[in-house]
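The questions below work through a structure from its salt bridges to its sheet and its core. Each answer sets out its reasoning before it gives the value or name asked for.

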Amino acid sequence: MAVWNVIDHTEIGASGAESWSKDSIPASYDHLYLVANVRTDDAATYIDACQMTFNDDTATNYSQVHIRAGSSTPSSGLGASKNSIEDIYVSSSSTLADTFGVFQMWIPDYTSTSKYKQTLSFYGCPNSSTTDWHWITGQVGALWRSTAAITKMEFTTDHTVDSFVQYSTFTLYGINGAA
């Protein structure tokens with residue numbers, strides 16, 4: 001039976017935050033799982049792009065493939081030699097009031113020093129509008145090309161002027177006993 005342990009739970013306060021990060025992640029778990037309920041203050045869009053890095057690595061050591069739907073025509077793509085895991089979307093302030101997007105990331109075997117780290121992410125940004133790109137849902141499969149154990153994660157918006165708004169939450173779990 002899998003045991004889920006809360007490593008970190010952060011709720012963003014009234015002043016907002018440009019990023020969420022957790023360092024000194026203990027190596028005592030088999031896997032990591034991040035769940036975030038997020039909204040940004042970007043008033044120019046309905047959805048806001050975000051990114052994830054590990055261990056402060058912003059070199060071109062990330063590869064990914066994504067599929068998403070935010071219009072009547074789904075899209076997909078891939079990228080190698082990226083400086084972060086990208087194509088992750090969350091709700092922004094033009095979305096229906098008080099609506100937060102959800103983001104989840106599974107990181108199996110995060111302490112292995114003999115292989116690269118893989119991730120699988122899901123996100124969804126609901127809205128009452130059916131207009132193209134006023135809502136979005138998608139998946140991202142990614143690879144961090146490093147054999148280092150993951151000891152730090154950082155999730156940021158892709159614009160330095162955007163912030164996560166009050167009541168956005170991030171919960172990082174350490175999981176043991178899951179195959």
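Q: Which residue forms a salt bridge with Lys-115?
A: The model is a predicted one, so the distances here come from computed coordinates. Lys-115 counts as partly exposed at 40% relative accessibility, and its partner is partly exposed too, with a relative accessible area of 28%. The closest N and O atoms of the pair are 2.8 Å apart, and the partner of Lys-115 is Asp-109.

Q: How many residues apart in sequence are the parts that Lys-152 and Asp-56 tie together?
A: The side chains of Lys-152 and Asp-56 meet in a salt bridge, with an N to O distance of 3.0 Å. Lys-152 lies in the loop between strand 10 and strand 11, whereas Asp-56 lies in the loop between strand 4 and strand 5, so the parts that this pair ties together are separated in sequence by 96 residues.

Q: Is Lys-152 buried or exposed?
A: The cut-off for a buried residue is a relative accessible area under 20%, and that for an exposed residue is over 50%. Asp-56, with 51%, is exposed. Lys-152 has a relative accessibility of 18%, and therefore Lys-152 counts as buried.

Q: Which residue in strand 5 meets Asp-87 in a salt bridge?
A: Asp-87 belongs to strand 7 and is buried, with a relative accessible area of 16%. The salt bridge has an N to O distance of 3.3 Å, and the pair ties together parts that are 19 residues apart in sequence, because one residue lies in strand 7 and the other in strand 5. The partner in strand 5 is itself buried, at 17% relative accessible area, and this partner of Asp-87 is Arg-68.

Q: With which side chain does Asp-87 make a polar contact of 2.7 Å?
A: Leaving aside neighbours within four places in sequence, the residues in contact with Asp-87 include Cys-50, Tyr-123 and Val-140. A polar contact of 3.3 Å joins the side chain of Asp-87 to that of His-66. The polar contact of 2.7 Å is made with the side chain of Gln-64.

Q: What is the order of the strands in the open sheet of 4 strands?
A: The edge strands of this sheet are strand 2 and strand 7, each of which pairs on one side only. Between these edges, strand 4 and strand 11 pair in the antiparallel sense over 5 bridges. Neighbouring strands are turned against each other by 25° on average, direction ignored. The pairing in the sheet is antiparallel, and the order is 2-11-4-7.

Q: Which residue in strand 11 stands opposite Met-52?
A: Leaving aside neighbours within four places in sequence, the residue in question is in contact with Met-52, and its other contacts include Trp-20, Cys-50, Ile-88 and Phe-103. The residue that stands opposite Met-52 is Phe-155.

Q: Which strand gives the largest share of the largest nonpolar core?
A: In soluble globular proteins, nonpolar side chains tend to be buried together. Of the 36 residues in the largest nonpolar core here, Phe-54, Met-153 and Phe-155 touch the most other members. Elements that give two or more residues to this core include strand 3, strand 7, strand 9 and strand 12. The largest share, 5 residues, comes from strand 4.

Methods:
Residues are numbered from 1 along each chain as its sequence is written. This is a predicted model: local features need pLDDT of at least 70, side-chain atom pairs count only at pLDDT 80 or more; totals for chains, interfaces and linings use all residues. Side-chain values use heavy atoms; hydrogens and water are left out. A nonpolar core is a set of buried Ala, Val, Leu, Ile, Met, Phe, Trp, Tyr and Cys residues joined through side-chain atoms within 4.5 Å. Buried means under 20% relative accessible area, exposed over 50%, partly exposed in between (1.4 Å probe, protein chains only). Contact means heavy atoms within 4.5 Å. A polar contact is a pair of N or O atoms within 3.5 Å; within protein, one must be able to donate a hydrogen and the other to accept it, and residues adjacent in sequence count only if both atoms are side-chain atoms. A salt bridge is a side-chain nitrogen of Lys or Arg within 4 Å of a carboxyl oxygen of Asp or Glu. Two strands pair if DSSP finds at least two bridges between them. Axes are lines fitted to C-alpha atoms, for helices over the stretch in contact, and angles run from 0 to 180 degrees between N-to-C directions.
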